Amino acid sequence: MPTPSDDSPPARARRRGERPAASLPAHLERSTEWAGVRTGDPVEVEGVRPRSATWFFLAHVKNVRTGEEWVEVVGGRAGCRAVRSFRPEHIFAPSTAADRRAPRLPLSDAPRLPL
């Protein structure tokens, strides 16, 4: 029976219900930063009901073969952690009550820039 070498990393035990990480196909580029937001930052999604849902940015994905892009978010109604994908033009920076009257641009057109 072969023995593991001393310099090999220890095997990581999988937790119950945990799936091994799947690698993305080569034609998909996934980024955890996009248009000034990072994973976990709050965003607003236009055209999704209920409007009271809260969403957090996960990743921006681009298909380099077709040029298609989408944004992955997590959230939904209170207590819900659904992962959904939307077109970039439906993703907006969170707004305040004062901002709601002014016209808004999606993050794809008006990224949040660091000050």
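In which strand does His-60 lie? In this predicted model, His-60 belongs to strand β5, and a walk through the chain as a whole helps to place that strand before the residue itself is examined.

The chain contains eight strands and zero helices, so that its pattern, read along the sequence, is simply β-β-β-β-β-β-β-β. Of its 115 residues, 24% are buried, while the area that the chain exposes comes to about 9,200 Å², with carbon and sulfur atoms supplying 52% of that surface. Among contacts between residues at least 6 apart in sequence, 41% join residues that are at least 24 apart.

The largest nonpolar core is made up of 14 residues, and those with the most contacts inside it are Trp-34, Val-43, Val-45, Trp-55, Val-73, Ile-91 and Leu-107. Two or more residues of this core come from each of the elements β4 (42–45), β5 (54–63) and β6 (69–76). Trp-34, once its neighbours within four places in sequence are left aside, is in contact with Phe-57, His-60, Val-71, Pro-88, Ile-91, Leu-107 and Ser-108.

The contact with Trp-34 leads back to His-60, which counts as buried because its relative accessible area is 9%, and burial is set at under 20%. Beyond its neighbours within four places in sequence, His-60 is in contact with Glu-29, Arg-30, Ser-31, Trp-34, Glu-69, Trp-70 and Val-71. With one of these residues, Glu-69, the side chain of His-60 also makes a side-chain polar contact of 2.7 Å.

Conventions. Residues numbered from 1 in each chain as written. Predicted model: local features only at pLDDT ≥ 70, side-chain atom pairs only at ≥ 80, totals over all residues. Heavy atoms only, no water. Helix = DSSP H or I, 4+ residues; strand = E, 2+ residues; numbered from the N terminus. Buried < 20%, exposed > 50% of the residue type's maximum accessible area, 1.4 Å probe, protein only. Contact = heavy atoms within 4.5 Å. Areas by Shrake-Rupley, 256 points an atom, 1.4 Å probe, with all protein chains shown as cover. Core = buried A, V, L, I, M, F, W, Y, C linked by side-chain atoms within 4.5 Å. Polar contact = N/O pair within 3.5 Å; in protein donor to acceptor, adjacent residues only side chain to side chain.
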